[in-house]
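Got your viewer open? Load the model, switch to cartoon view, and let's walk through it one selection at a time.

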Amino acid sequence: MAPLQEDLVIILRSQPFQERDRLVTFLTEGHGRLTGVAKGAIHSRRFGGSLDLFACSHMRWKETQGELVRIEEANTRRDFVELRSRLENLSAAGHFVDLCLRLTEDRHPSREVFLLLAHYLKLLEAAPATFEIVRSFEIKLLERLGWAPMLEQCVQCEKPFFGEELAPEESYVSLAVERGGFLCHDCSPSHTRHFPLASVLWMIQARETLIQHTPSLRFPLDPMLEAAAALQHFLRWHCPGLGNYGFRAHGMLETFLLEARQAPAPLVMPPPAAEPLPHEVLKES
Ligand SMILES: [Zn+2]
């Protein structure tokens with residue numbers, strides 16, 4: 001018999017499987033991303049809400065002969081149910097788990113990504129989702145996965161983008177996704193689309209801002225939309241086998257965020273519940 005394994009997990013996808021079972025993909029704190037079958041989970045109350053999307057649960061499972069594990073037991077530690085109270089927050093959480101689902105690898109431990117997702121789900125319980133929160137998640141995710149785009153200097157001549165006064169016609173760069181960054185004005189081929197340096201600066205700020213401070217970030221809309229498009233290119237570039245894949249929740253999310261941004265008076269969310277996540281999950285790493 002395979003030994004029982006256990007870990008703290010976040011549910012990334014959960015769907016019915018062969019009438020009575022549930023097929024669940026989850027990100028673990030120490031074992032990477034796994035997919036498993038929970039026998040009889042459709043009709044039995046054994047698992048409660050512990051296998052619902054976004055739930056943070058303590059799970060026990062066994063390896064099988066194949067790729068799938070067999071989920072033996074799961075107990076909800078935090079259901080993040082509060083984030084479902086706003087459409088844009090639910091949509092942002094959907095985007096975050098979708099990115100983690102697509103960009104992590106099976107059984108490749110990624111504790112940093114697990115913690116990042118836990119922090120942002122918790123944040124979405126307390127603060128209305130904004131462009132700035134979503135962009136900061138995307139760029140921090142790329143960084144945690146080891147794919148942070150080079151934002152400080154040209155990927156070809158290594159000239160710094162910032163630090164000296166630039167003429168307006170030089171304050172543009174161009175996207176070089178395949179090289180992991182941007183080309184300066186001088187290195188950019190003449191026909192390429194110009195990308196404002198202001199957007200690169202916003203991306204740096206989104207990367208450097210502590211997670212708990214991201215709700216107070218406010219970037220001008222135009223450079224931020226440019227940054228959003230660039231980040232989509234970087235994320236898709238690293239999505240294995242899905243060069244033109246449109247992330248499931250992304251298009252709708254952007255619409256919700258734009259509507260929320262243009263709404264006259266944002267609703268004030270109630271303060272977050274006092275209950276902390278298990279052990280150090282909430283501490284910024
Ligand atoms: Zn250059």
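Here is a tour that starts with the whole chain and then moves from sheet to helices to a loop.

**Before you click**

This is a predicted model, in which local features need pLDDT of at least 70 and side-chain atom pairs count only at pLDDT 80 or more, while totals for chains, interfaces and linings use all residues. Residues are numbered from 1 along each chain as its sequence is written.

**Stop 1: the whole chain**

Colour by secondary structure and you'll find six helices and eight strands. Helices (H or I, at least four residues) and strands (E, at least two) are DSSP runs, numbered from the N terminus. Going along the sequence, the pattern reads β-β-β-β-β-α-α-α-β-β-β-α-α-α. Of the 285 residues, 38% are buried; that means 20 or more other C-beta atoms within 10 Å of a residue's own, with 12 or fewer counting as exposed, anything in between as partly exposed, and C-beta atoms placed from the backbone.

**Stop 2: the barrel**

Now select the five strands β1-β2-β3-β5-β4, which make a closed barrel with mixed pairing. Two strands count as paired if DSSP finds at least two bridges between them. Zoom in on residues 4–17 (β1) and 56–63 (β4): they pair in the antiparallel sense over seven bridges. Show Q5 as sticks, and opposite stands W61 in β4.

Next, add the helices that lean on this sheet. Helix α1 touches β1 and β2 (21–28), and its direction makes about 110° with that of β1. Helix α2 touches β1, β2 and β4, at about 105° to the direction of β2. Axes here are lines fitted to C-alpha atoms, for helices over the stretch in contact, and angles run from 0 to 180 degrees between N-to-C directions.

**Stop 3: α1 and its helix partners**

Keep α1 (residues 87–103) and α2 (residues 111–126) on screen: they pack at an angle of about 175°, with axes 10 Å apart. That makes the two helices, α1 and α2, roughly antiparallel, a label for angles over 145 degrees (under 35 is roughly parallel, 65 to 115 roughly perpendicular, and the rest oblique). Which residues of α1 and α2 meet here? Select N89, A92, A93, F96 and C100 on α1, then V113, L117, Y120, L121 and L124 on α2. Residues are in contact if their C-beta atoms, placed from the backbone, lie within 7 Å.

Now bring in α6 (residues 250–262), whose axis comes within 9 Å of that of α1, crossing at roughly 145°. On the α1 side, pick L87, E88, S91, A92 and H95; on the α6 side, pick H250, M252, L253, F256, L257 and A260.

**Stop 4: the open sheet**

Move along to the three strands in the order β7-β6-β8, an open sheet with antiparallel pairing. At its edges sit β7 (181–183) and β8 (195–196), each pairing on one side only. Strand β6 (residues 172–176) pairs with β7 over three bridges, and L183 in β7 is the bridge partner of S174.

**Stop 5: a loop residue**

Finish at V81, in the loop between β5 (69–78) and α1. Is V81 buried or partly exposed? V81 is partly exposed, because 14 other C-beta atoms lie within 10 Å. Add E125 to the selection: V81 and E125 are 44 residues apart in sequence, yet 7.7 Å apart in space, C-alpha to C-alpha.

Technical notes
Contact = placed C-beta atoms within 7 Å.
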